[in-house]
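Student: Could you take me through the part of this protein where the ligands sit, one ligand at a time?

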Amino acid sequence: MSVTILVGGQWGDEGKGKVVDLLAESVDMVVRSQGGNNAGHTVVANGREHRFHLIPSGILNPATLCIIGHGVVVDPSAFLQELERHQASGIDTRNLVISERAHMVMPYHPVLDKLGEEMRGDDRLGTTRRGIGPAYEDKVRRIGFRIGDLQKPVFLEKKLRFVLRLKNETLTKLYGAEPFDERAILDEYLGYAERIDPYIRDVYPIIQGALTEGRRILLEGAQGVMLDIDLGTYPYVTSSAPTAGGACTGSGIPPSRITRTVGVFKAYATRVGYGPFPTELDDALGESIRTIGDEFGTTTGRARRIGWFDAAAGRYAVSSNGIDSMVLTKVDVLDNLDAIRICTGYESKGELWDHPMANISHLKHCEPVYEDFPGWQTSTREARRYEDLPAACRAYVERVGELCGATVDVVSVGPDREHTLVRRLPL
Ligand code: GDP
Ligand code: IMO
Ligand code: MG
């Protein structure tokens, strides 16, 4: 039996999708446990690019059961569109299941997301505007709708009458926006119900059965530790827990059954949206890395901000999640650089910090402390084993692991499956 948690170690977009695809063929089950269609996971398989938002990236492996766990917020319309897109490209989606307990993104959530951002003005967060924050707000406020409610039209109607009063009050009185019509929402969502019905399950016996039978399970994280609602750069975070802890609560798998926690990190850092980013390269070098690394969001197409690898944040992610194995992606993007830096800590108000401070104004204005490395200035794309990498590149990779406090077991030097150097399969 093995239960492996895979988390993003930075601010998301570390290449989790690629790593899930790599590991999926060695597991029986892949479970998404948090986030929603704010996620964008790109997998390149056999020369074709696949983009996943709600559906686990493990679906490319037809033998793997893919579960959307109860911690995920599911926009039914986005789910069905994604499902149809994958089916049209020939992906077998019969092995896909959604927990009846997963909450739904309702039509008013993206609207409230957008209006909330506009009201914040210069302090906006730069959300994906997919309604993820408002959906989690309603879940915690206990006025959320769950996927299983699609199978209970009478309950859905009664509850919507009550909830929509609150929502329309906010929309019209606070934001001066148009109210939503109850009948239109019901017709829309009951229309989805029939199409989603075959995927809805009580996931509890499926997961418990797999644990009892000693199956191999992979928990696919979305976003990254620095976007975590508690550990991240609050309030510039997402509204879920993209951590190892969040993977347990969002799937119903107890912490005592976890056998390994893998952290996916990029060889440099990126961030989409606003918020402190100490190692940011707001210059021509950053621009060049963005172009070479094709750092534009999978979900919103926004240009990602670029920075040097932040090992102070990396160590924080490793230790607070119990990451015992690291995957370092996009090493090839640094191939042309003559010098590379790693941030080892921050100087703020005369003090040295070895981890991100909670005070985001201090984090925004701190001075990163760097270690400097010579670049390898050789293409790493053709490497097929770790030993094929130039010595300077291996020195960089190993120093990243050492500073973060875990071993780098996999190095990725390109988007394809073949561009993956596995020193030890982290399962
Ligand atoms: P995720 O959200 O963590 O799954 O990451 P994204 O899919 O949003 O972003 C990672 C991007 O980098 C995708 O377009 C991948 O195809 C690509 N990618 C993954 N690993 C590598 C790599 O080692 N080198 C290069 N050049 N691209 C990679
Ligand atoms: P994957 O799974 C990168 C960011 C948004 C914004 C903040 C809050 O592809 O790594 P939200 O819409 O969640 O309320 O936005 O979080 N964000 C991501 N950044 N990758 C993601 O997912 C992200 N999901 C959310 O840009 O700054
Ligand atoms: Mg992404």
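Tutor: Here is a walk through the two ligand sites, ligand 1 and then ligand 2. This is a predicted model, where local features need pLDDT of at least 70, side-chain atom pairs count only at pLDDT 80 or more, and totals for chains, interfaces and linings use all residues. On bookkeeping, residues run from 1 along each chain as its sequence is written, chains are lettered from A and ligands numbered from 1 in the order written, and side-chain values use heavy atoms, with hydrogens and water left out.

Let's start with ligand 1. It has 20 residues around it, and Lys16, Gly40, Thr42, Asp332 and Ser412 come nearest; a residue is near if one of its heavy atoms lies within 4 Å. By class, that shell holds 3 nonpolar, 9 polar and 8 charged residues. Here Ala, Val, Leu, Ile, Met, Phe, Trp, Tyr, Cys and Pro count as nonpolar, Asp, Glu, Lys and Arg as charged, and the others, Gly among them, as polar.

Helix α1 (16–24) and strand β3 (41–45) each supply at least two shell residues, and α1 gives the largest share, 3 residues. Helices (H or I, at least four residues) and strands (E, at least two) are DSSP runs numbered from the N terminus. Domain 1 (2–98 + 200–261) and domain 3 (265–422) both give residues to this shell, so ligand 1 lies between them; the domain bounds come from an automatic or database assignment.

Now for the polar contacts, meaning pairs of N or O atoms within 3.5 Å. Oxygen atoms of ligand 1 are 3.0 Å from a polar side-chain atom of aspartate 13, 2.7 Å from a backbone N or O atom of lysine 16 and 3.1 Å from a side-chain N or O atom of arginine 304. Taken alone, ligand 1 exposes 590 Å², and the protein buries 92% of that (Shrake-Rupley areas, 1.4 Å probe).

On to ligand 2, also surrounded by 20 residues, with Asp13, Lys16, His41, Thr128 and Thr238 closest. Its shell divides into 7 nonpolar, 10 polar and 3 charged residues. Lysine 16 turns up again: one of its polar side-chain atoms lies 2.7 Å from an oxygen atom of ligand 2, while its backbone serves ligand 1 with a contact at 2.7 Å. Backbone N or O atoms also come in from glutamine 223, at 2.8 Å from a ligand 2 oxygen, and from valine 272, at 3.0 Å. The protein covers 97% of the 540 Å² of accessible area that ligand 2 has on its own.

One last bit of backbone: a cis peptide bond joins tyrosine 234 and proline 235, with omega about 5°. Proline 235 lies in the loop between β10 (216–220) and α8 (244–251). Arginine 129, in the loop between α3 (108–120) and α4 (132–140), has a positive phi, near 60°. Most residues other than glycine have a negative phi, and most peptide bonds are trans.

Methods: A polar contact is a pair of N or O atoms within 3.5 Å; within protein, one must be able to donate a hydrogen and the other to accept it, and residues adjacent in sequence count only if both atoms are side-chain atoms.
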